[in-house]
Amino acid sequence: MRHFDAITRVPGDPILGLMEAFARDDNPAKFDLGVGVFKDAQGLTPVPAAVKQAEQRLVERQLSKSYVGGHGDAAFGRLICELVLGSASPLLVQQRAGATQTPGGTGALRLAAEFAGHCLPGRGIWLSDPTWPIHQTIFAGAGLKVSHYPYVGADNRLDVAGMLATLETVPQGDIVLLHACCHNPTGFDLSQDDWRAVLEVVRRRSLLPLIDFAYQGFGDGLEEDAWAVRLFAAELPELLITSSCSKNFGLYRERTGALLVCSHDAQKLLDVRSQLAFLARNLWSTPPDHGAAVVAEILGDPQLKSLWIDEVEAMRQRIARLRSGLVEALAPHGLSQRFAHIAAQRGMFSYTGLSPEQVAALRERHSVYLVNTGRANVAGADEARLDVLAAAIADVCR
Ligand code: LMR
C-alpha cells in the first residue's frame with residue numbers, strides 16, 4: 001500500500017514565490033517590489049549596524065545555548081512591552097501586560113489563533129478586506145470562523161464608513177484583527193479620529209481586538225506608530241497585540257516577535273500566560289533565541305538603542321522619499337494624479353490600483369515584480385531608477 005497517493009499539490013505561496021521568480025530573472029534592470037523587505041540604495045536588505053554590534057557582544061559573552069523558557073527571554077519580553085506600550089505605561093507598572101516570545105510576528109499570530117481556538121471557543125474573527133493572506137489561513141486553520149469587514153473598496157479608497165457599519169453587526173465577543181499602522185497590503189491607515197470611532201464600536205459590541213503591529217517605525221515614527229495600540233491598551237480591559245522585529249530590526253530570517261496580552265488584572269494575566277506557555281510548548285516548544293537576544297541587547301543599552309532608533313528613522317525616511325519620488329517620476333507621463341495615493345499611504349506597501357493584467361504585463365515586459373493584487377513593496381524600489389519604473393508603469397497603463 002502506498003500512503004501518499006491521494007495527496008495533491010497546493011500552489012506555492014504567492015508572495016514567497018515572487019522572491020524565487022525575481023531571483024531567476026536575469027534582466028539586470030529588474031525591480032523587486034514583491035515580498036515585504038526593505039532595500040537600501042545598493043539594493044541590499046542590510047543588517048543594521050546596531051544588530052551587528054549586538055551580535056558581536058553576544059558572540060563574546062554567550063556561554064550557553066540551553067533552552068530559553070516557554071515565554072522566551074525575560075529581558076526581551078519586558079523591553080518589547082516597553083517599546084510597544086510605552087515605558088511609562090501603567091499596564092507595566094501594574095503588571096497587567098506581558099509578552100510571550102514567538103518565532104516572528106507570524107508565530108505570534110499563530111499563537112493568538114491557537115489561544116482563541118482553545119480558550120475562547122465559539123468566537124469568530126473579523127479581518128480587514130483585503131488583508132495579509134496568511135491571516136485568513138492561520139485563523140481558519142485554528143478552527144475559527146473567519147469573516148471580513150470592508151477596508152479598501154474597488155475604488156482603491158479607505159472605506160471607514162463601511163468598516164464601522166460592519167463592525168456594528170459583529171456578534172458580541174468576537175475578535176477583530178486591526179493593523180496598528182502601515183496596513184498590509186494596502187498602505188492605507190486609519191486617522192486618529194477613525195481609530196477613536198473603531199474603539200467606540202469595539203467597546204459597545206464587547207469585541208476583543210487583536211492588533212497586528214508588524215511595522216513599528218515604518219509609518220510616522222516608532223512612538224507615533226504605537227498611538228492606536230496605546231489608546232486601545234489604555235481604554236480597554238483586554239487586548240492582544242502581535243509584534244514583529246522582522247522589519248524594524250532587519251531580523252527577518254531570525255524569526256523574532258512576540259504576542260502581548262493586556263489584562264484588566266494581574267492575576268488574570270497569569271492565567272492567560274499559563275495557557276500561552278502550554279500552547280507554545282505544543283507548537284514550537286521554546287522559541288528561537290538569537291534574534292530576541294539581539295533585540296534585548298539593543299533595547300537594553302542606551303547607546304545601541306539610540307543608534308537603532310536612528311537607523312529605523314533612516315529606513316522610514318527612505319521609504320517616504322521613494323513614495324514621493326515615484327509619484328514625481330510619474331508626472332511626465334500624466335499619471336501623478338492617478339497615483340497620488342502612493343505618496344499618502346504609509347509603510348512598505350502600496351495598493352497601487354494596477355489590475356492583475358497590468359501586473360502581469362509589468363513583469364513580462366519590464367521585469368517589475370509585484371503581487372498580482374497590485375500590491376507593491378515600495379521599500380524595494382531603486383531610488384536612482386524611479387524614472388525607469390515610472391516609464392514601465394506608464395507603458396502598462398496605456
Ligand atoms: C509580506 O507581506 O510581504 C511580508 O509580510 C512578508 C511575508 O512573510 O509575507
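**Two domains and a ligand site**

Biologist: How far does a polar side-chain atom of Tyr-215 lie from an oxygen atom of the ligand?

Modeller: Bear in mind that this is a predicted model. Tyr-215 is one of the residues around the ligand. From a polar atom of the Tyr-215 side chain to a ligand oxygen, the distance is 3.4 Å.

Biologist: Which residue has a side-chain N or O atom 3.1 Å from a ligand oxygen?

Modeller: Let's go through the residues around the ligand, which include Trp-132, Tyr-215 and Lys-247. For Lys-247, the distance from a side-chain N or O atom to a ligand oxygen is 3.4 Å, and Tyr-215 also gives 3.4 Å. The residue with the 3.1 Å distance is Trp-132.

Biologist: Which residue around the ligand is joined to Pro-185 by a cis peptide bond?

Modeller: Pro-185 sits in the loop between strand S5 (175–179) and helix H8 (192–204). The cis bond there has an omega of about 20°. Its other partner, which is also on the list of residues around the ligand, is Asn-184.

Biologist: And where is Pro-130, the one with the cis bond from Asp-129?

Modeller: The bond from Asp-129 to Pro-130 has omega near 5°. Strand S3 spans 125–129 and helix H6 spans 133–141. Pro-130 is therefore placed, going by those DSSP runs, in the loop between S3 and H6.

Biologist: What is phi of Ser-206 near?

Modeller: Ser-206 lies in the loop between H8 and strand S6 (208–213). Phi is positive here, in a residue other than glycine. The value is near 50°.

Biologist: How is the protein divided, and how far apart are the C-alpha centres of the two domains?

Modeller: Domain 1 takes in 14–47 plus 314–396, and domain 2 runs over 67–300. Their C-alpha centres are separated by 28 Å.

Biologist: Which three residues supply 38% of the area that domain 1 buries against domain 2?

Modeller: About 1600 Å² is buried between the domains, with 61% of that coming from carbon and sulfur atoms. On the domain 1 side, no other three residues supply more than Arg-316, Arg-346 and Tyr-351.

Biologist: Which residue of domain 2 makes the salt bridge to Arg-346?

Modeller: There is one salt bridge between domain 1 and domain 2. Arg-346 falls within 314–396 of domain 1, and its partner should be sought in 67–300 of domain 2. The closest N and O atoms are 2.7 Å apart, and the partner is Asp-220.

Biologist: Which elements give two or more residues to the side of domain 1 that touches domain 2?

Modeller: The contact involves 19 residues of domain 1 and 22 of domain 2. Nine residue pairs are in polar contact between the domains. The elements you're after are helix H12 (302–330) and strand S9 (349–351).

Biologist: How many charged residues does that side of domain 1 have?

Modeller: Split by class, it has eight nonpolar residues and eight polar ones. The charged count is three.

Definitions and conventions:
Residues are numbered from 1 along each chain as its sequence is written. This is a predicted model: local features need pLDDT of at least 70, side-chain atom pairs count only at pLDDT 80 or more; totals for chains, interfaces and linings use all residues. Side-chain values use heavy atoms; hydrogens and water are left out. Domain bounds come from an automatic or database domain assignment. Contact means heavy atoms within 4.5 Å. Buried area is the accessible area (1.4 Å probe) that two parts lose on being put together, summed over both. A salt bridge is a side-chain nitrogen of Lys or Arg within 4 Å of a carboxyl oxygen of Asp or Glu. A polar contact is a pair of N or O atoms within 3.5 Å; within protein, one must be able to donate a hydrogen and the other to accept it, and residues adjacent in sequence count only if both atoms are side-chain atoms. Helices (H or I, at least four residues) and strands (E, at least two) are DSSP runs, numbered from the N terminus. Ala, Val, Leu, Ile, Met, Phe, Trp, Tyr, Cys and Pro count as nonpolar, Asp, Glu, Lys and Arg as charged, and the others, Gly among them, as polar. A residue is near a molecule or strand if one of its heavy atoms lies within 4 Å of it.
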